[in-house]
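Work through the exercises below with the sequence and the model open. Try each task before reading its solution.

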Amino acid sequence: MQWILFLLLLFVNSMEMLAQARRKKRVSTTLFENCTGCVMCSEDNGCISCQQRLFLLIWRDGIRQYGACVHACPPGYFGVRGQEVNRCIKCRSPSCDSCFSKDFCMKCKEQFYLHKGKCFSSCPQDTVTQHSTRECQEKCEVGPWGSWSPCNNQGRTCGSKWGSTTRVREVLRPSKDEAAACQTLSESRKCRLKKICPGENKEKKKNAKRERKQRRKKKLESLMVI
């Protein structure tokens, strides 16, 4: 009698284990497509490991965690390949739509602008907003103004009442966009010149004295002829 009961219990236990194994297998292959491409799959959490070349994407829904195997990571994630498993890692910024690494964004979500790997609601100062690409383009950066050049008029620094002086500044970082072209790199202004150049007054006096001598000489010669 005891042997009969033992065999009956053994049979019932075997049937339950077989039914449980079939149920797990059925769930693991039909669980909202989470087991597609999986090597290991959980009834409650989806994929645990993936086939080669696929990425393991893990996300949370409340306190539960789910996994799925995907060919490419969805927006807001970037793929990292490893020796044992390839993972989809979430971008740190919630305004980032595509990132190269956790903290370097490559494309922002709508209503945001990309600048140096970050997403901004409006472009920072000294940048130009590119609405077509949703990017912030840096303006041309120039250095400080240099000293004013000597006042001159057509290369001469004296001999006229007015001249002009000029100063320039260098480009430190050129712009890649024509819309953000460099600002004014040179400017000029009017300036006063010395009307008489140094030594010019003495030369005029000498010329005037020479002319007077010549006039007196001519006058004397005319009187002697008479």
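Two residues are in contact if they have heavy atoms within 4.5 Å of each other. The model used throughout is predicted.

**Exercise 1. Find what Ser 98 touches away from its sequence neighbours, and place the residue in the fold.**

Solution.
1. Start with the element: Ser 98 belongs to strand 7.
2. Set aside the neighbours within four places in sequence; Ser 98 is then in contact with Cys 91, Cys 105, Met 106 and Lys 107.
3. Look at exposure. Buried needs under 20% relative accessible area and exposed needs over 50%. Ser 98 has 28%, so it is partly exposed.
4. Take one distance along the chain: Ser 98 and Cys 73 are 25 residues apart, and their C-alpha atoms are separated by 9.6 Å.

**Exercise 2. Describe the chain as a whole: its helices, strands and burial.**

Solution.
1. Count the elements: the protein chain has two helices and 16 strands.
2. Turn to burial: of the 226 residues, 24% are buried.
3. Consider contacts between residues at least 6 apart in sequence; 33% of these join residues at least 24 apart.

**Exercise 3. List the residues of the largest nonpolar core and name strands that supply them.**

Solution.
1. The largest nonpolar core holds eight residues: Phe 78, Cys 91, Cys 96, Cys 99, Cys 105, Cys 108, Leu 114 and Cys 119.
2. At least two residues of this core come from strand 7 (96-101), and at least two from strand 8 (104-108).
3. A separate second core has seven residues, among them Cys 35, Cys 38, Leu 56 and Cys 69.
4. Return to Phe 78 of the largest core. Beyond residues up to four places away in sequence, Phe 78 touches several others, including Cys 73, Arg 87, Ile 89, Cys 99 and Phe 100.

**Exercise 4. Trace the pairing of strand 1 with strand 2.**

Solution.
1. Strand 1 covers residues 38-42 and strand 2 covers residues 46-50.
2. The two strands run antiparallel and are joined by four bridges.
3. One bridge links Ser 42 to Gly 46 in strand 2.
4. The connection between strand 1 and strand 2 is a hairpin of three residues.

**Exercise 5. Follow strand 11 into strand 12, and say whether Thr 127 is buried or exposed.**

Solution.
1. Thr 127 is in strand 11, which covers residues 127-130.
2. The relative accessibility of Thr 127 is 13%, so this residue counts as buried.
3. A polar atom of the Thr 127 side chain lies 2.4 Å from the backbone oxygen of Pro 124.
4. Apart from neighbours within four places in sequence, Thr 127 is in contact with His 115, Cys 136, Gln 137, Glu 138 and Lys 139.
5. Strand 11 pairs with strand 12 over four bridges in the antiparallel sense. Thr 129 stands opposite Cys 136 in strand 12.
6. Four residues lie between the strands of this hairpin, and Arg 134 is in the turn.

**Exercise 6. Which phi values do Lys 116 and Arg 134 have, and where do these residues lie?**

Solution.
1. Begin with the general background: most residues other than glycine have a negative phi.
2. Lys 116 is not a glycine, yet has a positive phi of about 55°. This lysine is in the loop between strand 9 (113-115) and strand 10 (118-120).
3. Lys 116 counts as exposed because its relative accessibility is 62%.
4. Arg 134 also is not a glycine and has a positive phi of about 60°. The loop that holds Arg 134 runs between strand 11 and strand 12 (135-138).
5. With a relative accessible area of 28%, Arg 134 is partly exposed.

**Exercise 7. Locate Ser 121 and find its contacts.**

Solution.
1. Ser 121 is in the loop between strand 10 and strand 11.
2. Its relative accessibility is 56%, so Ser 121 counts as exposed.
3. Ser 121 and Gln 111 are ten residues apart along the chain, with 6.5 Å between their C-alpha atoms.
4. Leaving out neighbours within four places in sequence, Ser 121 is in contact with Gln 111, Phe 112 and Tyr 113.

**Exercise 8. Identify the rings that Arg 189 and Lys 190 lie over.**

Solution.
1. Arg 189 lies over the face of Trp 148, 4.0 Å from the ring centre.
2. The charged end of Lys 190 is over the ring of Trp 162, at 4.3 Å from its centre.
3. For ring-to-ring pairs, a search of the whole structure gives one aromatic pair.

How values were computed. Residues are numbered from 1 along each chain as its sequence is written. This is a predicted model: local features need pLDDT of at least 70, side-chain atom pairs count only at pLDDT 80 or more; totals for chains, interfaces and linings use all residues. Side-chain values use heavy atoms; hydrogens and water are left out. Buried means under 20% relative accessible area, exposed over 50%, partly exposed in between (1.4 Å probe, protein chains only). A polar contact is a pair of N or O atoms within 3.5 Å; within protein, one must be able to donate a hydrogen and the other to accept it, and residues adjacent in sequence count only if both atoms are side-chain atoms. A nonpolar core is a set of buried Ala, Val, Leu, Ile, Met, Phe, Trp, Tyr and Cys residues joined through side-chain atoms within 4.5 Å. Two strands pair if DSSP finds at least two bridges between them. Rings of Phe, Tyr and Trp (its six-membered ring) pair if their centres lie within 6.5 Å; planes under 30 degrees apart count as stacked, over 60 as edge-to-face and the rest as tilted. A charge sits over a ring if NZ of Lys or CZ of Arg is within 6 Å of the ring centre and within 35 degrees of the ring normal.
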